[in-house]
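Please open your viewer, and keep the selection tool at hand as you read. Each stop on this tour asks you to select something and then look at what is there.

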Amino acid sequence: MNSDRIKILFFDVGGILLSNGWGHESRKLASEQFKLDYAEVNALHNFIFNVYEIGSITLDEYLDTVIFNKERQFTREDFKAFMYEQSVELPDMLAWLKKWKKNCGFRVISINNEGKELNDYRVKKFGLHDCFDAFISSCEVKMRKPDPGIWQLAMGIAQVSPKQCVYFDDRLMFVNTAQKLGIRAFQHTDFETTKQILEQLKTENLN
């Protein structure tokens, strides 16, 4: 019975705790602010962003392809600063989770798709070490969701079975992938709902 007790909570980051690092809304804003052709930027982004997210190229190499493939009237530093500024804390969840984690009885690990420079910035800027015991980030493990291997790797690192894990993500496709692996998974829709689920999991584990 005890062997099936939940030991690990896996969390996505963008869309739950923080805004997405470099989502389509941010790219639209960048296109307006820097007077770029959004359709062209988006097409090039879609070709290469996955390669950046699995750590095969640097942020500068990504920008060489998507933005600085021609002469621009702005600097690389200005554009990077804009990219980093798109990361903001979402209301309530992160601050609450940092406090709740201290005596929740679970280890908490992130599983996220993020390029290295953006990932490193977000971890440091928003104090994510206070929230997570470990980071299974696509840029470090060379796999990205929805590859089932990233969850399998996370379970291997944590030395737990699927029944001992719970996963939270705002994207239903990733929730479904985790569920197919036997992981209990929930789609995050809002702070109050996820908070209630977490409190219930804590209560279940104490019984």
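The tour below goes from helix pairs to spaces and then to two points in the backbone.

Before selecting anything, bear in mind that this is a predicted model.

**First stop: α1 and α2**

Begin by selecting helix α1, which covers residues 24–33, together with helix α2, which covers residues 38–53. The two pack at an angle of about 140°, and their axes are 9 Å apart. Because angles over 145 degrees count as roughly antiparallel, the angle here falls short of that class, and α1 is oblique to α2. As you turn the view, look for the right-handed crossing in which α1 passes α2. To see where they touch, show the side chains of H24, R27, K28 and S31 on α1, and those of Y38, V41, N42, H45 and N46 on α2. Colouring this contact by class should give you two nonpolar, five polar and two charged residues.

**Second stop: the loop between α1 and α2**

Now select K35, which is found in the loop between these two helices, α1 and α2. What is the phi of K35, a residue that is not a glycine? The value is positive, about 55°. This deserves a pause, because most residues other than glycine have a negative phi.

**Third stop: α2 and α3**

Keep α2 selected and add helix α3, residues 59–66, which packs against α2 at an angle of about 155° with the axes 9 Å apart. Since the cut-off for roughly antiparallel is over 145 degrees, α2 is roughly antiparallel to α3. The crossing of α2 and α3 is right-handed. On the α2 side, select V41, L44, H45, I48, F49 and Y52, and on the α3 side select L59, Y62, T65 and V66, for these residues make the contact. By class, this contact of α2 with α3 holds eight nonpolar residues, two polar and no charged.

**Fourth stop: the largest pocket**

Next, select N20, F49, E53, R144 and R171, which are the closest to the centre of the largest pocket among the 23 residues that line it. The space in this pocket is about 470 Å³. Which elements give two or more residues to the lining of the largest pocket? They are α1 and α2, and α2 provides the largest share of that lining, five residues. If you colour the lining of the largest pocket by class, you will find four nonpolar, 10 polar and nine charged residues.

**Fifth stop: the cavity**

The structure holds one cavity of 30 Å³ or more, and the volume of the largest cavity is about 40 Å³. To find this cavity, select the residues that line it, namely V13, S110, N112, E114, N119, R122, V123, L128 and F135. Both β2 (107–112) and α6 (116–125) supply at least two residues of this lining, with the largest share, three residues, coming from α6. The lining of the largest cavity comprises four nonpolar, three polar and two charged residues.

**Last stop: K145 and P146**

Finally, select K145 and P146 and look at the peptide bond that joins them, which is cis, with omega about 15°. P146 lies in the loop between α7 (138–141) and α8 (148–158), so showing those two helices as well will help you to place the residue. For background, most peptide bonds are trans.

Methods:
Residues numbered from 1 in each chain as written. Predicted model: local features only at pLDDT ≥ 70, side-chain atom pairs only at ≥ 80, totals over all residues. Heavy atoms only, no water. Axes fitted to C-alpha atoms, helices over the stretch in contact; angles between N-to-C directions. Helix = DSSP H or I, 4+ residues; strand = E, 2+ residues; numbered from the N terminus. Parallel < 35°, antiparallel > 145°, perpendicular 65-115°, else oblique. Left-handed = near helix turned anticlockwise from the far one by under 90°. Contact = heavy atoms within 4.5 Å. Nonpolar A, V, L, I, M, F, W, Y, C, P; charged D, E, K, R; others polar. 1 Å grid on protein atoms, 1.4 Å probe; cavity = no way out; pocket = protein on both sides within 12 Å on 5 of 7 lines; lining within 4 Å. Points joined across faces, edges and corners; volume = space filled by probe spheres on them.
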